[in-house]
Amino acid sequence: MGRIKKQRGPRTRGRAQASSLGMVPAPGKVHWTPLEHSQCGCVVEWGWDTAALPPPVFMQWCRGVVRFACPWHGGEGSVPIPKPPSGESIALHDPGSGHTFYAQAADGQSAALGTRLSDQLNEIDCLIAQGTEAVLAAMPSKHRDWMIARGHDPVSTWLDQRFTDILLNTDANRSQKRCSPT
């Protein structure tokens, strides 16, 4: 069976604080993902330039940054950055990765989606903390068996797929209809 690789967890220790580059217009190819910050409850739409940044770097950034307060409540370093006006974004430079990420306040449907996506991230992180067996048990059995039969590591493959679905496929998440019991 598969095992959970050590580098799967969010980078929270020894991480240098991201520094603000100020209010800047986001490039045209920015992909936005709303996420709720656990310490302050704010929902921030985090953006990344899809032409300049590999998706795994953005996914790792998101998994770590949501553990702290949002940028306008102090972020990782407890130094608040002024909240940008509606429709404006700020740019943050992450010294750990050398990349620039963008932030803007989420509202309405984006805020609701951000809360839902953060809940999904927390569920996956809880599974990871419980260990490989918990992750394997949470996977659809047919999918797990299919991956094993084809020589894939089911845990790593499924976790990569889940993080991609949660953090990168936000357009699909926006259009998802919520089921209600009948």
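Biologist: What makes Asp145 partly exposed?

Modeller: In this predicted model, Asp145 has a relative accessible area of 45%. Buried means under 20% and exposed means over 50%. The value for Asp145 falls in between, so Asp145 is partly exposed.

Biologist: Which residue does Asp145 pair with, and how do you know that the pair is a salt bridge?

Modeller: Asp145 pairs with Arg144. Their closest N and O atoms are 3.9 Å apart. The cut-off is within 4 Å, so the pair counts as a salt bridge.

Biologist: Is Arg144 buried or exposed?

Modeller: Buried. Arg144 has 18% relative accessibility, and the limit is under 20%.

Biologist: How many salt bridges are there by this rule?

Modeller: The count is three. Side chains of opposite charge can pair when their charged atoms come close. Arg63 and Asp125 do so at 2.6 Å, N to O. Asp125 also bridges to Arg67, with the closest N and O atoms 1.9 Å apart. Both values are within 4 Å, so both pairs qualify.

Biologist: Which residues are linked in a network of salt bridges?

Modeller: Arg63, Arg67 and Asp125. Asp125 has a salt bridge with Arg63 and another with Arg67.

Biologist: What parts does the pair Arg63 and Asp125 tie together?

Modeller: Arg63 sits in helix H1, residues 55-65, and Asp125 in helix H2. The pair therefore ties together parts that are 62 residues apart in sequence.

Biologist: And what does the pair Asp125 and Arg67 tie together?

Modeller: Asp125 lies in helix H2, whereas Arg67 is in the loop between H1 and strand E4 (90-94). So this pair joins parts 58 residues apart in sequence.

Biologist: Which of these three residues count as buried, and why?

Modeller: Arg63 is at 4% relative accessibility and Asp125 is at 15%. Both values are under 20%, so Arg63 and Asp125 count as buried. Arg67 has a relative accessible area of 22%. That lies between 20% and 50%, so Arg67 is partly exposed.

Biologist: Why is H2 called roughly antiparallel to H5?

Modeller: Two packed helices are described by the angle between their axes and the distance between the axes. H2 (residues 109-130) and H5 (residues 154-167) pack at about 165 degrees, with axes 10 Å apart. Angles over 145 degrees count as roughly antiparallel, so H2 and H5 fit that label. Their crossing is left-handed.

Biologist: Which residues make the contact?

Modeller: H2 supplies Leu117, Gln120, Leu121, Ile124, Asp125, Leu127 and Ile128. H5 supplies Trp158, Leu159, Arg162, Phe163, Ile166 and Leu167. By class, ten are nonpolar, one is polar and two are charged.

Biologist: What makes H1 and H5 roughly perpendicular?

Modeller: Their axes cross at roughly 80 degrees and come within 11 Å. Angles from 65 to 115 degrees count as roughly perpendicular, so H1 and H5 earn the term.

Biologist: Where do H1 and H5 meet?

Modeller: Phe58, Met59, Cys62 and Arg63 of H1 meet Phe163, Thr164 and Leu167 of H5. This contact has five nonpolar residues, one polar and one charged.

Biologist: How do you know that H1 is mostly covered?

Modeller: Eight of the eleven residues in H1 are buried. They are Phe58, Met59, Gln60, Trp61, Cys62, Arg63, Gly64 and Val65.

Biologist: What do the buried residues of H1 pack against?

Modeller: They pack against strands E2 (30-36), E3 (43-49), E4 and E5 (99-105), and against helices H2 and H5.

Biologist: Why is Ser86 called exposed?

Modeller: Ser86 has a relative accessible area of 72%. The cut-off is over 50%, so Ser86 is exposed. Ser86 is found in the loop between H1 and E4. The C-alpha atoms of Ser86 and Gln104 are separated by 7.7 Å, with the two residues 18 apart along the chain.

Biologist: What are the totals for the protein?

Modeller: The protein has six helices and five strands. From the N terminus on, the order is β-β-β-α-β-β-α-α-α-α-α. Buried residues make up 43% of the 182 residues. Among contacts between residues at least 6 apart in sequence, 67% join residues at least 24 apart.

Definitions and conventions:
Residues numbered from 1 in each chain as written. Predicted model: local features only at pLDDT ≥ 70, side-chain atom pairs only at ≥ 80, totals over all residues. Heavy atoms only, no water. Axes fitted to C-alpha atoms, helices over the stretch in contact; angles between N-to-C directions. Helix = DSSP H or I, 4+ residues; strand = E, 2+ residues; numbered from the N terminus. Parallel < 35°, antiparallel > 145°, perpendicular 65-115°, else oblique. Left-handed = near helix turned anticlockwise from the far one by under 90°. Contact = heavy atoms within 4.5 Å. Nonpolar A, V, L, I, M, F, W, Y, C, P; charged D, E, K, R; others polar. Salt bridge = Lys/Arg side-chain N within 4 Å of Asp/Glu carboxyl O. Buried < 20%, exposed > 50% of the residue type's maximum accessible area, 1.4 Å probe, protein only.
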